[in-house]
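Grab a pencil and keep the viewer open. Try each exercise yourself before you read the solution under it.

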Amino acid sequence: MKIQIWSDYVCPFCLLAKGPIQEAVAGRDVEIEWMPFELRPEPVPTLEPEGDYLQNIWKQTIYPMAERMGVGIHLPDVSPQPYTRLAFEGYQYAREHGDAEAYNDRLLRAFFEDGLDIGDLDVLADLAAGLGLDAAEFRAALLDGRYGEAHRAALQQAQDLQIRSVPTIIVDGTYRIEGVPRPDALRELLDRLEAIKAVENPGKTSCGVEGC
């Protein structure tokens, strides 16, 4: 079974969604794939943390939710907030080198826990190096736009699926959840899908091969 999660590195709800998803899939044979989505692609102006919109939504929604979930995040003071195209091209590099999940997690935490400017190439290269990636090669790849086409293809996939907000979670290619999921609701959905697959494939084990 596969879960795809469309997210943006400047969306706090995407970081908050990680815990419930991990809780729901614990002990299951589930592939999780994080997918890029730019909430405000260039040249659309990005938000300013000192503005009323971010101040109010963090005070009224994000901080209370984070406190209930035991997640220590804060509104970064990077102003205006960074564009994420370059960070997502870095994600494509990390993905090609087998570090997609670690990179995705580090970028979310770098912004919402460490308050780093993840639109800055130097910051991104340092974060990549901290994951064991080749910082010089990473930097060169982002400078020459080597992963631009792969990123644009990912954005096109989001458009084809009519993704409009993040996080958007698609389970098994069909079932869609928008926003931070409740672990029990996601577990119930996974249980139901596993039961359906068991009926459709009665003679097979979980790996899909008889007798394995």
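Here are three exercises on this predicted model, each with a worked solution.

**Exercise 1. Work out how far to trust the model, and where to be careful.**

Start with the whole chain: its mean pLDDT is 94, and 95% of the residues reach 70 or more. Then look for the weak spot. Across residues 205–212 the pLDDT is below 50. That stretch has six contacts in the model beyond near neighbours in sequence.

**Exercise 2. Find the strands that pair with β1, and give the direction of each pairing.**

Step one: locate β1 at residues 2–7, where five of the six residues are buried.
Step two: take β2 (residues 31–36). It runs parallel to β1, with six bridges joining the two, and Gln4 has Glu33 as its bridge partner there.
Step three: turn to β3 (residues 168–171). This one pairs with β1 in the antiparallel sense, over four bridges, and Ile3 sits opposite Val171.
Step four: follow the chain from β1 through helix α1 (residues 12–25) to β2, and you have traced a right-handed β-α-β unit.

**Exercise 3. Is Ala66 buried or exposed, and which residues does it touch?**

First place Ala66: it belongs to helix α2, residues 52–69. Next, check its relative accessibility, which is 2%; the cut-off for buried is under 20%, so Ala66 counts as buried. Now list the contacts. Leaving out residues up to four places away in sequence, Ala66 touches Leu16, Val71 and Ile73. Finally, try a distance: the C-alpha atoms of Ala66 and Ala154 are 29 Å apart, with the two positions 88 residues apart along the chain.

Methods:
Residues numbered from 1 in each chain as written. Predicted model: local features only at pLDDT ≥ 70, side-chain atom pairs only at ≥ 80, totals over all residues. Heavy atoms only, no water. Buried < 20%, exposed > 50% of the residue type's maximum accessible area, 1.4 Å probe, protein only. Contact = heavy atoms within 4.5 Å. pLDDT = per-residue confidence, 0-100. Pairing = 2+ DSSP bridges. Right-handed = clockwise from strand over helix to strand, strands pointing away.
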